[in-house]
Amino acid sequence: GKGPAEEPHPFQNMRFSTETSRGDVNDCILSPDGRYLAYVVAEQGQIGLFVRQVATGSDVPVIPLAKDRIEMPRFSPDGNYLFYLGRKPDAPLYRTLFRIASLGGTPEERAFDVDSRVSFSPDGKQFAFVRGFPQDGRTGIFVMDADGTNERELASVKSPEEIASGVEWSPDGKSIATLTVQPPPQSSSTLVLFDVKSGQRSDVTARKQAFYNGLAWMGDASAVVVTGNDLTMGFTRQAFLISVPGGQVRRVTNDFNQYDSPSVTASSDAIALIRGTYLANLWSVDPAGGANAQVTRATSSESSPWNFGTADGAVVYAALRDQALKLFVNPLPDGEPRVINTGPGHAIQIRSRARMVAFAKYNEGEQHLWCVGLDGSGLRQLTNFGGEDLLDISPDGRLVAFSRADSASGVWLVPTDGGEPRVVSRTAIKGVAAFSEDGNWLGYAEYDRSGGLIRTAYYKMTLATGEISPPLNAPPQAVILRWLPDQSGYCYSDRADPAGNIFRASFDGSEPVRMTDFKDMRITDFDFSPDGKQMAIVRWLGNTENVWVANADGSNPRQVTTFASQVIFGMRWMANPMRVIVTAGDAARDVVMIREFK
């Protein structure tokens, strides 16, 4: 069913207050008594954990800024300790739960392989958390004693249904709540309660066309606060109240900002949220260092481009028009944007090469892949499974790589001329696939279970013959993998390097070789030009990112943009003319508090 109907907005007198004004807050949590606010910040590639005394506004650095990752803090019920997730150098792909005194001290390890914020029982003697088993297509909910002993699995959720939030122990101690998401064609979010003793599942409400991902109990257990997208009410992530056990949904926020990370005081007199703002435009950047041109002129988050692709001589992007994400094409250098008619629905994923545009379209719960010519001709639906995600399009525009929502793993190919889809690997990791620039290979990844802890192994398949290479194991801290232009291997940014420098790794198994030698700033993205002669690199310093262009081997880097205070959200090369297209603008994330909302 569609779930309970939305009630009229009841919160006419609620008050907002801004608790931080840094713009770089990743996460937050209130102490149960509401006296303290813990928040995680990311600044110049470093992450820190701070605690604010709400009444005075004074801050204490619990964990000073460092390159170590810190995620998902939670106060203990008495407020004396903070529990958070970090990564150990010998197991960087796994999260470890640590405990530290709320005003600072020496962290202590409490549990290994924890994939969500922990939630405590009302008496503080136990906590619950989520642990993913991606290789098996399921997620488990676990309960453990507060000292890190007596772990037990309470329940699990199997693909295609996924746990989208953490878990939250109810104030009466009887159940543990979570939010699950069903991908298309179900396309719904469900508020689920698991009995603490038996693990028995009961569904409070299933909301069609909703994708909730944040969860917190009200102190009297009468409702939960959730954050996420509800496409029946709008396009941005907002905050809602869902009554328990009735399941009525009431909207708390209603604007063009993005909200997540909800937490509530035990007395239910305040909700803390992260509020994100976003304003972006497309820019055409000359890799030779000449004049750069602004392509779009958005003045609000509503009109900002959401995602984009590049074709020969044009930029293709999605932007809101008439409450739907529509597809626009803008010929460069001096063309005017025009809408490509793609029918009803949202164009949510875009890839474009040659003169072909591939996109995923979401329409009333269904999500499938489509393609259309750059001139708007030849609109065609490519897939019709249980829901598909677009991964990449080949350089000649003839093949599209995708994954399926109705499968826990796998990568498929489909021709853009309307041919039948074929499987590449049924065990490939969803969301990871890319064509080589010459169009001869497709790269993908699988989980390697041979060494105890799970690692990621990378493969290449020759498209003409179907031949698959031996596996390649990238370093644990490797991110942003790209094919080398000469197809002799791949390169990556090394997270363990302070500047995130780029290394190349060859298929022959030789030791990786450093390609760049930056000493400051930090690399956040890079990509090779279509002709394989240049490399564009995004580097981050403070709250600003800029594009640099180097030779393909990493030599002779030079800065080609001069943004003073903007963030780069995406970057792609465009051929004919050879340009670097970026989305750049302003984004800020800060903590807000809502009071008098009951």
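# A walk through the model, starting at Asp 517

Let us begin at Asp 517, which is partly exposed, with a relative accessible area of 47%. Here buried stands for under 20% relative accessible area, exposed for over 50%, and partly exposed for what lies in between, using a 1.4 Å probe and protein chains only. Before we go further, please keep in mind that this is a predicted model, in which local features need pLDDT of at least 70 and side-chain atom pairs count only at pLDDT 80 or more, while totals for chains, interfaces and linings use all residues. Residues are numbered from 1 along each chain as its sequence is written, and side-chain values use heavy atoms, with hydrogens and water left out.

Asp 517 has a partner: it forms a salt bridge with Arg 514, and the closest N and O atoms of this pair are 3.9 Å apart. A salt bridge is a side-chain nitrogen of Lys or Arg within 4 Å of a carboxyl oxygen of Asp or Glu. Arg 514 counts as partly exposed because its relative accessibility is 40%. Side chains of opposite charge can pair when their charged atoms come close. By the rule above, the count for this model comes to 28 salt bridges.

Some of these salt bridges lead us to a sheet. It is an open sheet of four strands in the order β6-β7-β8-β9, with antiparallel pairing. Its edge strands are β6 (71–75) and β9 (108–112), each of which pairs on one side only. On average, neighbouring strands of this sheet are turned by 30 degrees against each other, direction ignored. Such angles come from axes that are lines fitted to C-alpha atoms (for helices over the stretch in contact), and they run from 0 to 180 degrees between N-to-C directions. Strands are DSSP runs of E with at least two residues, helices are runs of H or I with at least four, and both are numbered from the N terminus. Two strands pair if DSSP finds at least two bridges between them. In a regular strand the side chains alternate between the two faces of the sheet.

Inside this sheet, strand β7 (residues 81–88) runs antiparallel to strand β8 (residues 91–101), and seven bridges join them. Where does Lys 88 stand? Lys 88 is opposite Ala 91 in β8. Lys 88 also forms a salt bridge with Glu 109, with 3.4 Å between the closest N and O atoms. This pair links distant parts of the chain, as Lys 88 lies in strand β7 and Glu 109 in strand β9, 21 residues apart. Lys 88 is partly exposed at 22% relative accessible area, and Glu 109 is partly exposed at 42%.

What about the edge strand β6? A salt bridge of 2.5 Å, N to O, brings together the side chains of Arg 74 and Glu 168. It links distant parts of the chain: Arg 74 is in strand β6 and Glu 168 in strand β14 (residues 162–169), 94 residues apart. Are these residues buried or exposed? Glu 168 is buried because its relative accessible area is 10%, and Arg 74 counts as buried at 13%. Elsewhere, a network of salt bridges links Glu 71, Arg 87, Arg 95 and Asp 115.

Next comes Thr 178, found in strand β15 (residues 175–182). With a relative accessible area of 0%, Thr 178 is buried. Leaving out residues up to four places away in sequence, Thr 178 touches several others, among them Ile 141, Val 167, Phe 194 and Leu 215; contact here means heavy atoms within 4.5 Å. Ser 165 is another residue that Thr 178 touches, and a polar contact of 3.4 Å joins their side chains. A polar contact is a pair of N or O atoms within 3.5 Å; within protein, one must be able to donate a hydrogen and the other to accept it, and residues adjacent in sequence count only if both atoms are side-chain atoms.

For a contrast, visit Ala 288 in the loop between β23 (271–285) and β24 (293–294). Ala 288 counts as exposed because its relative accessibility is 70%. Ala 288 and Met 578 are 9.6 Å apart in space, C-alpha to C-alpha, and 290 residues apart in sequence.

Further along, strand β38 (residues 441–448) pairs with strand β39 (residues 455–462) in the antiparallel sense over eight bridges. Leu 442 has Met 461 in β39 as its bridge partner. β39 also pairs with strand β40 (residues 472–473), again antiparallel, over two bridges. There, Tyr 458 has Leu 472 in β40 as its bridge partner.

We finish with the cysteines. How many disulfides does a search of the whole structure find? The search finds zero, where a disulfide is a pair of cysteine sulfur atoms within 2.5 Å. Cys 28 counts as buried at 0% relative accessibility, and Cys 491 counts as buried at 0% too.
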